[in-house]
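Hello,

Here is the structure I promised to pass on to you. My notes on it follow underneath, so you can read them with the model open.

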Amino acid sequence: MKKLLWSLTLFGLILLILPVNGIMEFDEMEWFTDFNGTKMFQTESDVYSDAKFPMVGLTLIQSAASKGAVCLDGSLPGYHFHRGSGSGARNWLVQLEGGGWCDTIRNCVYRKKTRRGSSKYMEKQIPFTGILSDKAAENPDFYNWNRVKVRYCDGGSFSGDSENKAAQLQFRGKRIWLAAMEELMAKGMRQAKQALLSGCSAGGLAAILRCDDFGNMFSSSTRVKCLSDAGFFLDAIDVSGGRSLRRLYAGVVKLQNLETKLSKDCVNRLNPTSCFFPQNLINQIKIPLFILNAAYDSWQIQESLAPKSADPSGSWHDCRLNYAKCSTSQIQFLQGFRNRMVNLVKGFANPRKNGVFLNSCFAHCQTERYDTWYSKNSPAVKNKGIAVAVGDWYFERGGAKLIDCAYPCDKSCHNLVFRG
């Protein structure tokens with residue numbers, strides 16, 4: 001198993017981060033817990049503690065067991081819920097947690113012994129930050145909404161409905177999704193005036209996969225939209241000329257028997273693995289969708305474009321950990337990746353209902369963090385920050401088609417830099 005060494009400057013603390021299943025859980029590379037239980041993340045220029053944020057308790061879905069809606073290990077799924085108030089009492093934000101995927105029996109067996117596969121290992125409380133914050137100064141448009149974070153424990157972006165009895169694995173992501181939505185509907189979401197489904201990383205992919213399902217739960221009088229943060233994973237060629245992410249997704253699709261659970265419109269046109277890639281789905285989604293992504297997505301660089309398996313000579317080692325150490329030819333390769341992403345979202349962005357914020361940063365997941373969501377120095381495109389762009393799109397206050405110029409033009413980025 002590969003190891004990543006991250007050097008934190010605060011208190012001189014050095015933490016060793018172990019990726020799960022050989023696929024780095026990049027969401028967790030932004031969040032770390034020290035021995036006092038205070039979470040921190042480091043970007044290119046800072047280390048930030050979230051100790052000041054409210055902690056929200058875990059609720060297990062007791063009705064889930066009878067519905068077969070269970071985590072990989074058969075334990076109950078769960079969510080964290082902070083009730084709204086005042087003008088936001090009838091508005092709902094549902095955030096789907098990310099955390100990679102498992103693509104083999106061995107990987108999933110390992111995963112079910114972690115919080116990504118079992119509620120037995122989930123934190124009993126988590127901080128609500130960024131788009132989940134309850135402070136108007138940090139989250140002006142959604143701070144007083146009902147805010148929910150649905151935990152991710154199925155390894156397939158809330159999409160599967162099968163099992164492997166021999167390995168004692170339950171692939172019940174779709175049932176977990178339904179059980180969570182049914183419980184939230186009973187808690188008041190059925191009467192929502194406004195609703196937003198969001199997600200980061202693998203949860204951002206899930207927000208795309210489940211977007212129309214979410215919209216179909218509400219009456220026509222409810223304003224319903226979806227937001228995918230760092231979920232626009234590309235079927236891209238890696239540095240060896242292969243397709244590392246396609247191989248991973250093929251394993252997930254086969255293992256969880258997703259062919260029958262993916263978009264019928266897509267499966268009628270393409271093979272099932274292709275229908276797990278957002279680029280082949282976004283133009284068919286009926287509900288308004290916003291794509292927020294870094295054009296040089298750090299997870300995709302690390303694990304899709306230049307994974308160790310595609311770089312046996314190690315020529316990409318320094319570049320993949322720190323963009324400042326990339327050679328001219330490596331930057332050109334990454335520019336090609338950005339160009340592909342830009343071209344894929346252009347057609348999607350044409351309908352008025354959709355929105356795009358594509359910044360030229362080396363980052364991954366920008367909605368859940370205080371520093372990138374809404375702070376005085378948050379990343380911006382054309383002088384518009386992420387939270388403002390999302391809010392303008394959701395409430396239809398103005399333009400929301402923001403595509404950055406290519407690296408190195410953007411000086412507002414909070415680039416992730418790793419020490420390894």
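A word on pLDDT before the rest: it is the predictor's confidence in each residue, from 0 to 100. You will need it here, since this is a predicted model. Over residues 1-42 the pLDDT stays under 50. The model still has 126 contacts beyond four places in sequence for that stretch, a contact being heavy atoms within 4.5 Å. For the protein chain, the average pLDDT is 89, and 87% of the residues score at least 70.

Now to the sheet. Ten strands make up an open sheet with mixed pairing, and their order is β9-β6-β7-β10-β8-β13-β14-β15-β16-β19. The edges are taken by β9 (125-127) and β19 (401-403); each has a single partner strand, so one side of each is left without a neighbour in the sheet. On average, neighbouring strands here are turned by 20° against each other, direction ignored.

At the β9 edge, the pairing is with strand β6 (residues 55-60), in the antiparallel sense and over three bridges. If you want one pair to look up, take Met55, whose bridge partner in β9 is Pro127.

Two backbone details may interest you as well. In the segment after β19 you will find Pro408, and the peptide bond leading to Pro408 from Tyr407 is cis, with omega near 15°. The other detail is Phe158, which has a positive phi of about 55° although it is not a glycine. Phe158 sits in the loop between β10 (146-150) and β11 (162-164).

Next, the helices. Which residues of helix α7 meet α9, and which meet α5? I took the two contacts in turn.

Helix α7 (residues 298-305) packs against helix α9 (residues 328-349) at an angle of about 115°, and their axes are 12 Å apart. Angles of 65 to 115 degrees count as roughly perpendicular, and α7 and α9 are therefore described that way. The crossing of α7 past α9 is right-handed. On the α7 side, Gln300, Ile301 and Leu305 take part, and they meet Phe333, Leu334, Phe337 and Met341 in α9. By type, the residues of this contact are six nonpolar, one polar and no charged.

Helix α5 (residues 244-255) packs against α7 too, at an angle of about 85° with the axes 8 Å apart. These helices, α5 and α7, are therefore also roughly perpendicular to each other. From α5 come Ser244, Leu245 and Leu248, and they meet Trp299, Glu303 and Ser304 in α7. The residues of the contact of α5 with α7 divide into three nonpolar, two polar and one charged.

That is what I have for you. Do write back if you would like to go through any of it together.

Best wishes

Definitions and conventions:
Residues numbered from 1 in each chain as written. Predicted model: local features only at pLDDT ≥ 70, side-chain atom pairs only at ≥ 80, totals over all residues. Heavy atoms only, no water. Axes fitted to C-alpha atoms, helices over the stretch in contact; angles between N-to-C directions. Helix = DSSP H or I, 4+ residues; strand = E, 2+ residues; numbered from the N terminus. Parallel < 35°, antiparallel > 145°, perpendicular 65-115°, else oblique. Left-handed = near helix turned anticlockwise from the far one by under 90°. Nonpolar A, V, L, I, M, F, W, Y, C, P; charged D, E, K, R; others polar. Pairing = 2+ DSSP bridges.
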